[in-house]
Amino acid sequence: MTAPLERVAKAASTTVFGLSAAAVAFFLFAAAIVVGFLFWQTNNLLTHQVLGVLNAEARILASEMSVGGRAKLAETVGAMSRLQGAGLYYLADDHGVKIAGNLNRVPPELTDDPHGGVFSYQPAGDNSGAAHLAVAIPVDLGADVRLIVGRDIEDQRTFADSIRLAFLLGFGILSIAGLLGGLAVSRLILNRMDAITATSRSIMQGDLSQRIPTSGGNGELDALAQNLNEMLDRIEGLMSGLREVSDNIAHDLKTPLNRLRNAAEAALRDPRGGDAYREGLERTIEKSDELIKTFNALLLIARLEAGPLEDSVEAFDLGRFVEDVAELYTPAAEEAGFALAIEAEHGVLIRANRQLIGQAVANLIDNAIKYSRGGEPGSAITVRAYREGGQPAISVGDHGPGIAEGDRERALKRFIRLEASRTQPGTGLGLSLVAAVARLHHGEVRLEDNQPGLKVVVLLSRTCLIAGSDAGEGDVRAGIAAQ
Amino acid sequence: MTSSGSSVNQTAGLPRRFAAGQLKPDSAETQDQKNAMRVLVIEDDKETALFLQKSLKENGHTADLAGDGEAGFALASDGAYDVLIVDRMLPRLDGLSVIKSLRAEGNRTPVLILSALGEVDDRVKGLRAGGDDYLTKPYAYSELLARVEALGRRTAPEEQQTRYTVGDLVLDRLSHRVTRSGEHILLQPREYRLLEYLMQHAGQVVTRTMLLEHVWDYHFDPQTNVIDVHVSRLRAKIDKNFDKPLLHTVRGAGYTIRDGPT
């Protein structure tokens with residue numbers, strides 16, 4: 001176990017934490033702009049209000065002056081100064097001698113300013129020594145008097161100060177909460193990541209059965225974990241396939257190898273000499289050829305299951321091609337006593353591995369001929385190429401003994417030779433090779449009842465079909481001229 | 001994927017070592033002498049190389065050996081060989097690089113590639129590198145010999161020959177007519193192609209796999225001997241009503257068409 005401090009440091013150094021810190025910073029920046037704007041607007045509004053009041057007072061005092069002269073003005077100013085309020089007044093004669101008002105002098109901040117402004121002063125009743133903030137404007141009443149009307153705005157300043165404090169506090173709390181949140185989230189993710197890392201490490205050490213734990217939700221991390229798990233399933237499948245191949249090689253190649261050896265030994269021991277040696281050697285070559293065939297088929301299946309082949313895909317007409325391959329077998333089928341019926345829909349243009357599709361069709365027809373022998377003599381073997389719901393399809397049906405429904409799945413596996421067919425020559429890999437070819441083309445193989453007999457349907461992926469390949473009507477089979 | 005297609009291209013640059021009339025059956029006696037080939041075997045497995053040298057000698061050819069890619073390239077670039085047999089995996093310089101280098105310097109000697117890698121895309125890679133034919137290990141010697149001889153005796157571009165004649169059997173490539181003793185023989189398109197290929201290689205052994213590759217353009221294992229039935233049908237048409245058979249089965253190897261002693 002890592003120390004908690006180290007864990008925090010680790011969490012703080014993660015990408016997730018960096019991202020959440022950046023998000024918090026951005027949020028604070030945006031909040032500062034909004035709050036600043038609000039503050040500025042409120043301040044403006046209040047200042048405006050104060051100025052409005054000051055202007056109104058200035059007008060009233062100006063009218064006092066015009067009605068009652070300087071004496072009347074001095075009386076009114078004196079009366080207003082005595083009121084317990086926020087109003088500030090200063091009235092002086094043209095020599096600068098104060099006549100009335102609660103301000104003792106012209107505030108130094110305003111001496112040169114004809115428009116008035118903000119200043120600080122020491123209020124008479126307040127002995128705390130703290131200066132108050134105020135706003136004042138001069139009132140123009142002729143040359144012999146000087147009047148300044150003002151207002152204490154200390155309350156406004158206090159309000160502004162408390163708002164500023166609240167904002168600063170808020171920002172502080174937000175920053176800390178945001179960073180802590182980021183830290184918590186990154187620790188959470190770190191835990192999940194650690195689980196993935198731990199799993200992959202134990203897989204690297206050879207335990208392929210390990211899977212990444214998922215929380216059962218639909219989040220990205222679960223999706224990632226699920227994908228990784230599926231990938232692991234595939235890898236495990238491939239690995240076990242490989243193991244299976246080597247097991248099969250051991251089992252199914254050793255037996256014929258042993259037979260080959262026996263044949264050679266028997267020939268050597270044969271007292272007839274020369275001729276027997278010759279026969280023995282010929283048998284040996286025959287048996288080794290069979291072995292090679294099995295070996296090649298095994299390798300090909302393993303190769304196909306490992307993934308797509310490099311640039312070996314070409315475009316061709318499936319119907320014509322299947323017809324072509326079937327025709328190769330027509331004489332052989334007739335010789336064996338069966339009719340080969342070919343129903344190939346022309347114009348099914350596909351992109352696929354032509355040679356492998358050919359191999360699959362060849363295997364199917366070869367199987368059909370082999371196993372038809374167990375059925376009624378002279379029955380037809382039907383080879384079809386067509387489209388099934390947008391998917392290119394090939395089917396080969398015979399009227400042989402067929403495969404019981406329960407055995408069909410097993411028949412597609414490697415080296416499975418059902419009891420009835422054990423006497424037939426062959427590698428036992430024919431159908432599994434067909435299945436591998438279908439899988440390579442993202443398709444599937446279906447074994448169906450041909451009533452009676454077996455019908456094998458190979459479905460290729462619809463992605464193999466070349467778009468717009470509906471043409472092909474009126475295809476006339478070319479004769480010799482096609483060469 | 002078609003090896004026959006690339007073969008035609010390769011042949012185009014070949015010097016016309018043999019006159020077009022060489023395929024006529026009356027030269028059968030002198031064929032062995034005339035067709036003795038100089039073969040270079042570039043193969044790192046000594047046992048295989050010696051076996052090939054010995055076997056080729058028994059068939060009237062001479063074979064030189066090279067144990068690695070560089071030595072093989074040096075020997076082959078003289079251009080004195082009729083056919084090169086090149087193993088794909090060689091020390092120093094791999095087989096495909098040897099072929100590419102030879103082709104780059106204008107050497108057009110026919111090449112038969114031998115390889116343990118024999119699946120679908122390996123063949124394409126081999127032919128793309130400039131090889132003319134591809135044989136997968138393990139192979140039957142008869143298969144190798146037939147292919148080497150077919151490569152070494154390739155004549156000028158095929159389209160220049162418009163008539164093939166074996167004995168009294170004539171195949172006219174322009175009219176697609178086949179006659180024997182002046183009698184018209186009606187063939188199916190595939191039978192015609194089969195006969196055309198056999199006559200193109202008259203006097204040589206043609207294996208079942210070669211027929212499957214060149215007449216059908218299939219590079220897969222047909223599981224059973226489907227070719228035999230096709231050949232016997234062809235034989236029924238061209239030989240049945242005549243005294244002298246022309247299409248012969250060569251035991252353990254394949255078929256040959258020739259007018260000579262059986």
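## A strand in the middle of chain A

In chain A, strand β10 pairs with strand β12 (residues 454-459) in the antiparallel sense, over five bridges. Some terms first: helices (H or I, at least four residues) and strands (E, at least two) are DSSP runs, numbered from the N terminus, and two strands pair if DSSP finds at least two bridges between them. Two of the matches across this pair are I394(A) with V458(A) and G397(A) with K455(A).

β10(A) also has strand β9 (residues 380-388) of chain A as a partner: the two run antiparallel and seven bridges join them. Here V383(A) has V396(A) as its bridge partner. The hairpin of β9(A) and β10(A) has two residues between the strands, and G389(A) there takes a positive phi near 55 degrees.

Is β10(A) enclosed or open? Five of the seven residues of this strand (residues 391-397) are buried, so it is largely enclosed by the rest of the structure. "Buried" means that 20 or more other C-beta atoms lie within 10 Å of the residue's own; a residue with 12 or fewer is exposed, anything in between is partly exposed, and C-beta atoms are placed from the backbone.

## What kind of model this is

This is a predicted model, where local features need pLDDT of at least 70 and side-chain atom pairs count only at pLDDT 80 or more, while totals for chains, interfaces and linings use all residues. Residues are numbered from 1 along each chain as its sequence is written, and chains are lettered from A and ligands numbered from 1 in the order in which they are written.

## The sheet of chain A

Step back from β10(A) and you find an open sheet of five strands, in the order β7-β9-β10-β12-β11 of chain A, with mixed pairing. β7 (339-344) and β11 (444-449) of chain A each have a single partner strand, so one side of each is left without a neighbour in the sheet. From one strand to the next, the twist averages 15 degrees.

Helix α6 (residues 318-336) of chain A packs on this sheet and touches β7, β9 and β10 of chain A. Its direction makes about 175 degrees with that of β7(A). For such angles, axes are lines fitted to C-alpha atoms (for helices, over the stretch in contact), and values run from 0 to 180 degrees between N-to-C directions.

## A covered helix and the cores

Helix α7 (residues 354-372) of chain A has 19 residues and reaches 27 Å from its first C-alpha to its last, close to the 27 Å expected at 1.5 Å a residue. That expected span is 1.5 Å times one less than the number of residues. How many residues of α7(A) are buried? The count is 18 of 19, so to speak of this helix as mostly covered is fair.

The largest nonpolar core has 119 residues, and V322(A), I365(A), V458(A) and I85(B) are among those with the most contacts inside it. A nonpolar core is a set of buried Ala, Val, Leu, Ile, Met, Phe, Trp, Tyr and Cys residues joined through C-beta atoms within 7 Å. α7(A) gives the largest share of this core, ten residues. Apart from it lies another core, of 24 residues, among them Y89(A) and L91(A).

## The sheet of chain B

Chain B has an open sheet as well: five strands in the order β2-β1-β3-β4-β5, with parallel pairing. At its edges are β2 (62-66) and β5 (133-136) of chain B, which pair on one side only. The twist here averages 20 degrees from one strand to the next.

Inside this sheet, four bridges join β3 (residues 83-87) to β4 (residues 111-115) of chain B, with V111(B) as the bridge partner of L84(B). Helix α5 (residues 95-104) of chain B packs on the sheet and touches β1, β3 and β4 of chain B, at about 145 degrees to β3(B). Helix α3 (residues 46-58) of chain B lies across β1 (38-42), β2 and β3 of chain B, at about 165 degrees to β2(B).

## Where the chains meet

In all, 23 residues of chain B are in contact with 29 residues of chain A; contact means C-beta atoms, placed from the backbone, within 7 Å. On the chain B side, α6 (121-128), α8 (189-200) and α10 (226-238) each give two or more residues. That side divides into twelve nonpolar, five polar and six charged residues. Here Ala, Val, Leu, Ile, Met, Phe, Trp, Tyr, Cys and Pro count as nonpolar, Asp, Glu, Lys and Arg as charged, and the others, Gly among them, as polar.

Definitions and conventions. Contact = placed C-beta atoms within 7 Å.
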